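Biologist: I would like a close look at one buried-or-exposed question and its surroundings. Please keep it plain.

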Amino acid sequence: MVKVNAHDPERQETVSRRTVLFGGGVGLLFAGITGRLYQLQVVDHQKYLDLAQRNQFNRRVLTPLRGEIVDRFGAPLASNRKNFRILLVPEQAKDVDAALDKISNIITVSDDKRARILREIRRRGSFTPVQIADNLSWHDFSKINFELPHLAGVLPDVGETRDYPQGESSAFVIGYVGAVTERDLAAQESDHERVLLRQPGFKVGREGLERTYEKELRGSAGAINVKVNAHGRVIEEMAETAIPSVQGKTLSLTIDAELQEAAMKELDGESAAAVVMDVVTGDILVMASTPAFNPNDFNVGIDPDLWRELNASPYKPLLNKPLSGVYPPGSTFKLVSAIAAQRAGFKPNHTAFCNGRVWYGNRYFHCWKRGGHGTVDMKASLKHSCDIFYYDIAKTLDVDLLADTARKFGLGQTYELGIPGQQKGIIPDRAWKKQYFAGNPANQPWFQGETLSVIIGQGYVTSTPLQLAVMSARVATGRAVRPRLVRAVGDLILPAPDAPLIDVDQEHLKVVREGMNAVTNEWGTAARSRIEDPEWQMAGKTGTSQVYQITAEDRAKGLAKPQDLPWERRDHALFVSYMPYENPRYACAVVVEHGIGGASMAGPKAREIMKAVAAKDPASRNAIDPRTLAHASPVRQG
């Protein structure tokens, strides 16, 4: 112990100074602590209270239900179903790899899926939930919930996923949904939309109407506060803070789901397409394409082996044949050719003698019937599908007039249906050939011999099944009928497109209609496809378009007939029609790829489809009244 000498004033003064400085320092320290406590507890009380509440409460996005797509009577074509899924919040899980190892002990997480999850986490950040698995069975979902106390950051969730109850039947009309990509995010107009698209498992339209009407179907996101514990696990939802999400709008289509399924069954086993239209409203009742894919496979993530199989199939199950399949129209084009001939001055009583072939230029042009048809007029040329009659016309017919007539009756153009990928086909004329062969000047002029091929629907001319259905509707009515698929978007009912009279002499259509009636009802080329019920008498026209010309070498090998050839070299079979003949209401086009004969293959299929259409028409004696169906819809027209 140091003793201070009372008689040493200088030493005593030094000790006293140190005491004062120490005491002052301690006093200042306590004053600072007191001031800081006052600032924290009084001045900044509200600030830190807000921060504490933010740690206690999280704001969660409420994903909206996607709008439904329904048929003309309200039957669901695209709806939503419960989806048991598992989410992971990386920031709460801390060790993501360890969390995935634990989950893998309960449900299967493949290496590919694990790699995808890790990529998603790097892309989205550690605070955004990432989907680990979806479409789980109740058994697997229950096992995850049982182990939840040992799975930090894991969130079991009951969401919604897209469901296509009709499966393959309406695949090409509806399309499908798929996962959000960086391009989708970049295309959004606001951060609010980007936040919604970043929600785990969120899907956007990828094909068909799902893609075209994405904004209308998506709906609006909501939000809710949730109370969380120290581990970030939700312990309470604050319902009073919720802003509800708004479901997307319902699309009401012109399609009849029952007729669509009936057409798909009729075409089953073939690579084919069928379109049925209401010739008054333009409503498309059937737009079938076989074979087709199941959109539910894409919704849950398509299997790579199935994807390769779909792409490799020669039957093209991923091709929307009614809109994107282009085919030579064959003899169905003769409907247009007969009208063009009359516009050029040929009368319905004009005749030609058919002995099976005609010489023009430097070669023979053959009729499909080897022995010929004898003398035929315009009606008989349609009834028997005589090629020689049209070759005779083509020797002097201006191809530009023929092309103009074809366009007036719906060929060579696309229609606003809301489905991407529609093809225009080719209606050749002089300008088209000059542009097409621009790099080869020697081939630019149009040769009259080319008109002989085009006038019977061969050569350069191609069309889609939809265009052929439109052609039939316009021949039946004389009006520029335009097809449509969507009848209403939400509460907005869309009017039927205008159908003004086509600017041709309406008398020119009379002989064409008579010829179509003779094809089916007067023992023409499609007599086997007639509908016996006089109330629904069907008028039609057969067509067979050549895919491959049989050579002398083929004949030497025993391949003298189309059915002897490999499938991919056989002729296409086509048939167009409308009914009833006296008071037209429906038009139909059927194309069977490599089906060889329009009369033998496409015609009978069209007959069965049209009989199903007649059975549901309200004017039919034995009609099925749609109002008695459980899925009846208030949206009705026509």
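Biologist: Is A476 buried or exposed?

Modeller: A476 counts as buried, because its relative accessibility is 6%; buried means under 20% relative accessible area, exposed over 50% and partly exposed in between, with a 1.4 Å probe and protein chains only. This is a predicted model in which local features need pLDDT of at least 70, side-chain atom pairs count only at pLDDT 80 or more, and totals for chains, interfaces and linings use all residues. Residues are numbered from 1 along each chain as its sequence is written, and side-chain values use heavy atoms, with hydrogens and water left out.

A476 sits in helix α22, residues 465-477. Helices are DSSP runs of H or I with at least four residues, strands are runs of E with at least two, and both are numbered from the N terminus. Apart from neighbours within four places in sequence, A476 touches R513, Y578 and P584, where contact means heavy atoms within 4.5 Å. A539 is 63 residues from A476 in sequence, yet their C-alpha atoms are 9.2 Å apart.

Helix α22 also takes part in the packing of α23: the buried residues of α23 pack against α22, α16 (334-343), α17 (378-383), β19 (539-545) and β20 (572-579). Helix α23 covers residues 508-521, 14 in number, and runs 21 Å from first C-alpha to last. That is close to the expected 20 Å, the expected span being 1.5 Å times one less than the number of residues. Eleven of the 14 residues are buried, so to speak of α23 as mostly covered is fair. Among them are H508, L509, V511, V512, G515 and M516, and the list goes on with N517, A518, V519, T520 and N521. Just after α23, W523 has a positive phi of about 60 degrees.

For a second buried residue, take E210 in helix α10, residues 208-212. E210 is buried because its relative accessible area is 0%. Its side chain makes a polar contact of 2.9 Å with the side chain of R66; a polar contact is a pair of N or O atoms within 3.5 Å, where within protein one must be able to donate a hydrogen and the other to accept it, and residues adjacent in sequence count only if both atoms are side-chain atoms. Leaving aside neighbours within four places in sequence, the contacts of E210 include R66, R162, Y164 and Y176.
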